[in-house]
Amino acid sequence: IHFDGKGNVINPFTVSLGGTILRSVGPGSYTVNDDCSGTFLLETPIGPQHYDLRVMPDGSKVDYIETDSGTIISGGASRMKLDR
């Protein structure tokens with residue numbers, strides 16, 4: 001997951017739906033509140049996905065859970081330093 005610091009998110013992903021493998025890049029948007037909670041939305045080939053998130057105060061980690069009915073997706077991510 002790439003959060004760009006400007007409210008845009010990109011999530012390259014692979015998912016198995018009933019045995020069919022689907023690879024895509026889900027673009028979307030996010031917001032973070034002063035208390036480090038927030039939300040993000042991903043546009044995917046199977047429709048929009050909505051998440052609640054929590055960011056560590058130093059921005060080093062984020063935890064998320066999908067809030068759409070009938071889904072069970074949660075996870076976490078850690079900041080990676082890119083050498084350029």
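In this predicted model, Gly76 is partly exposed, with a relative accessible area of 47%. The residue belongs to strand E7, and it makes a handy starting point for a walk through the structure. Leaving aside residues up to four places away in sequence, Gly76 is in touch with Val62, Asp63 and Tyr64. One of these partners shows how sequence and space can be compared: Tyr64 is 12 residues from Gly76 along the chain, and their C-alpha atoms are separated by 6.1 Å.

With one strand introduced, the overall fold can be described. The chain contains seven strands and zero helices, so that a reader moving along the sequence meets the pattern β-β-β-β-β-β-β. The C-alpha trace spans about 40 × 35 × 20 Å along its principal axes. Of the 84 residues, 24% count as buried. The accessible surface amounts to about 6000 Å², and carbon and sulfur atoms account for 54% of that area. When contacts between residues at least 6 apart in sequence are considered, 13% of them join residues at least 24 apart. As for charge, the chain carries 7 positive and 10 negative side chains, and the centres of the two sets lie 11 Å apart.

Attention can now turn to strand E6, where Glu66 is found. Is Glu66 buried or exposed? Its relative accessibility is 8%, and because buried means under 20%, Glu66 counts as buried. Setting aside residues up to four places away in sequence, the contacts of Glu66 are with Gln49, His50, Tyr51, Thr71 and Ile73. A further distance helps to place this residue: Glu66 and Phe40 are 26 residues apart in sequence, while their C-alpha atoms are 9.2 Å apart in space.

Cys36 offers a case from outside the strands. It sits in the loop between E3 and strand E4, the latter covering residues 37-44. Cys36 has a relative accessibility of 18%; the limit for a buried residue is under 20%, and therefore Cys36 counts as buried. Its backbone is worth a look as well, since phi of Cys36 is near 75°, a positive value in a residue other than glycine.

Ser16 gives another view of the chain. This residue is part of strand E2, which runs over residues 8-17. With a relative accessible area of 46%, Ser16 is partly exposed. How far apart are the C-alpha atoms of Ser16 and Pro57? They are separated by 34 Å, and the two residues are 41 places apart along the chain.

The final feature is a pocket. The largest pocket has a volume of about 510 Å³. Its lining is made up of 19 residues, and those nearest its centre are Ile1, His2, Phe3, Gly59 and Arg79. Several strands contribute two or more residues to this lining: strand E1 (2-3), strand E3 (20-32), strand E5 (47-55), strand E6 (61-66) and strand E7 (74-78). Two of these names are familiar from above, as Glu66 lies in strand E6 and Gly76 lies in strand E7.

Definitions and conventions. Residues are numbered from 1 along each chain as its sequence is written. This is a predicted model: local features need pLDDT of at least 70, side-chain atom pairs count only at pLDDT 80 or more; totals for chains, interfaces and linings use all residues. Side-chain values use heavy atoms; hydrogens and water are left out. Helices (H or I, at least four residues) and strands (E, at least two) are DSSP runs, numbered from the N terminus. Buried means under 20% relative accessible area, exposed over 50%, partly exposed in between (1.4 Å probe, protein chains only). Contact means heavy atoms within 4.5 Å. Accessible areas come from the Shrake-Rupley method with a 1.4 Å probe; for residues, only the protein chains shown count as cover. Lys and Arg count as positive and Asp and Glu as negative; His and the chain ends are not counted. The place of a charge is taken as NZ of Lys, CZ of Arg, CG of Asp or CD of Glu. On a 1 Å grid over the protein atoms alone, a cavity is a set of points where a 1.4 Å probe fits but cannot get out, and a pocket is an open set with protein on both sides within 12 Å along at least five of seven lines; lining residues have an atom within 4 Å of a point. Grid points are joined across faces, edges and corners, and a volume is the space filled by probe spheres set on the points.
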